[in-house]
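Here is a short tour of one protein chain, written to be read with the model open beside it. Let us go through its charged pairs, its nonpolar cores, its strands and its surface.

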Amino acid sequence: MNNIDVLIVGAGPTGLVLALWLTQQGVSVRIIDKSLGPGETSRAMAVQARTLELYRQLDLAEETIAAGYKMPAMNMWARGEPKARISLENAGNDISPYPFVLVLPQDRHEKILVARLETSGVIVERQTEFMSFREEGERIVATIITPTGHTETCTATYVAGCDGAHSPVRHQIGSDFEGGTYNHLFYVADVNASGVTPANEGHIAFDKSDFVLVMPYGPENQYRLIGTVESEEG
Ligand SMILES: Cc1cc2nc3c(=O)[nH]c(=O)nc-3n(C[C@H](O)[C@H](O)[C@H](O)COP(=O)(O)OP(=O)(O)OC[C@H]3O[C@@H](n4cnc5c(N)ncnc54)[C@H](O)[C@@H]3O)c2cc1C
């Protein structure tokens, strides 16, 4: 596909939502991703009210809410003792029609976006890798590798770099937004667990220098655990 308005590189949440939004505005897009398929790990969990407000304009808010879990409360612990419980139900009543914290694992979330995009007539082109682009007058000419390994060019008015942390698009335009990494090593686990009290609520527990975050993502004892791995020196 050539001579489109926007070539979107990357079909993670950023690229998918951009594609939905532009399509709704009548802007033609082509969206490519070098991966085999959508992400299959949960990764990001919380969907903020502002995201749902944007989704409302795409008529996508209710479907997203139905697929997620409204976290009722966050409990704070210190050295094994309960210290506080913050109710999150309707926490932002006065400022948003979505005044809660919605938990929806990123893989499920992406599937909703991909399906909605398909109903708008846009298919994510997988195993299609952006290599480089050049400007020719008012347009860009991108070089991409197709699933069969062939090199082809794609002309568009704009290229949108939604290609993640290491973004080849961003590097090619000379942006020096490098990002960084934490010094700590973290673990992430999605588990079915019993004995969490109160059940199906969020918990954050602090020890001397350590923490564990327990985030429910379903009403039936499904939790995401996140914490730091202590160094062997202690
Ligand atoms: C274990 C884990 C837990 C996380 N937890 C959270 C959390 O709790 N909260 C939170 O906000 N975030 C979290 N994140 C981060 C979150 O997953 C990212 O912020 C999010 O995926 C970024 O979305 P994106 O669309 O910008 O980029 P990505 O999801 O990285 O998507 C970029 C896409 O671009 C594609 N691509 C890259 N280069 C090319 C190329 N040359 N040609 C074609 N395609 C290309 C990639 O295949 C990829 O599909 C977590 C991440 C991990 C790994």
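Is E63 buried, partly exposed or exposed? With a relative accessible area of 39%, E63 is partly exposed. That value, like the others here, comes from a predicted model.

**Charged pairs**

E63 has a partner: its side chain forms a salt bridge with R116, with the closest N and O atoms 3.1 Å apart. The two residues link distant parts of the chain, since R116 belongs to helix α4 and E63 to helix α3, 53 residues apart. In the whole structure, a search finds eight salt bridges. Three of them are set out below.

| Salt bridge | Closest N to O distance |
|---|---|
| R30 and E125 | 2.8 Å |
| R30 and E152 | 3.2 Å |
| R116 and E63 | 3.1 Å |

R30 appears in two of these rows, with E125 and with E152. Through shared partners, R30, E125 and E152 are joined into one network. R30 counts as buried because its relative accessibility is 3%, and buried means under 20%. Its partners are less hidden from view: E125 is partly exposed at 23%, and E152 is partly exposed at 30%. The R30–E125 pair connects strand β2 with the loop between α4 and β8 (129–136), so parts that are 95 residues apart in sequence are tied together. E152 lies in strand β10 (residues 151–161) and R30 in strand β2, so this second pair ties together parts 122 residues apart in sequence.

**Nonpolar cores**

In soluble globular proteins, nonpolar side chains tend to be buried together. Here the largest nonpolar core has 30 residues, and I8, L16, I31, L52, Y55 and L117 have the most contacts inside it. At least two residues each come from β1 (4–9), α1 (13–24), β2 (29–32), α2 (49–57), α3 (61–67) and α4 (106–119). Helix α1 gives the most, with five residues. Another core, of 13 residues, lies apart from it and includes V9, I140, I144 and A156.

I31 is a good residue to centre the view on. Beyond its neighbours within four places in sequence, its contacts include I8, L16 and L117, and E125 is also among them.

**Strands and a hairpin**

Strand β5 (residues 73–78) pairs with strand β6 (residues 81–87) in the antiparallel sense, over six bridges. The two strands form a hairpin with two residues between them, and R79 in the turn has a positive phi of about 45°. A78 has E81 in β6 as its bridge partner.

Elsewhere, three strands with antiparallel pairing make an open sheet in the order β3-β7-β4. β3 (46–47) and β4 (69–70) stand at its edges with a single partner strand each, so one side of each is left without a neighbour in the sheet. β3 pairs with strand β7 (residues 102–103) over two bridges, and V47 stands opposite L102 in β7.

**Surface and a partly exposed phenylalanine**

L185, Y187 and V229 form a nonpolar patch on the surface, with about 270 Å² of accessible area together. L185, found in strand β11 (residues 185–192), counts as exposed at 57% relative accessibility.

F211 has its place in strand β13 (residues 211–216) and counts as partly exposed at 23% relative accessibility. Which residues does F211 contact, leaving aside its neighbours within four places in sequence? They are F186, I204, A205, F206, I226, G227 and T228. P168, by contrast, is 43 residues from F211 in sequence and 35 Å from it in space, C-alpha to C-alpha.

Key. Residues numbered from 1 in each chain as written. Predicted model: local features only at pLDDT ≥ 70, side-chain atom pairs only at ≥ 80, totals over all residues. Heavy atoms only, no water. Pairing = 2+ DSSP bridges. Helix = DSSP H or I, 4+ residues; strand = E, 2+ residues; numbered from the N terminus. Patch = residues over 30% accessible without salt bridge, like charges linked within 9 Å, V, L, I, M, F, W, Y side chains within 5 Å. Areas by Shrake-Rupley, 256 points an atom, 1.4 Å probe, with all protein chains shown as cover. Salt bridge = Lys/Arg side-chain N within 4 Å of Asp/Glu carboxyl O. Buried < 20%, exposed > 50% of the residue type's maximum accessible area, 1.4 Å probe, protein only. Contact = heavy atoms within 4.5 Å. Core = buried A, V, L, I, M, F, W, Y, C linked by side-chain atoms within 4.5 Å.
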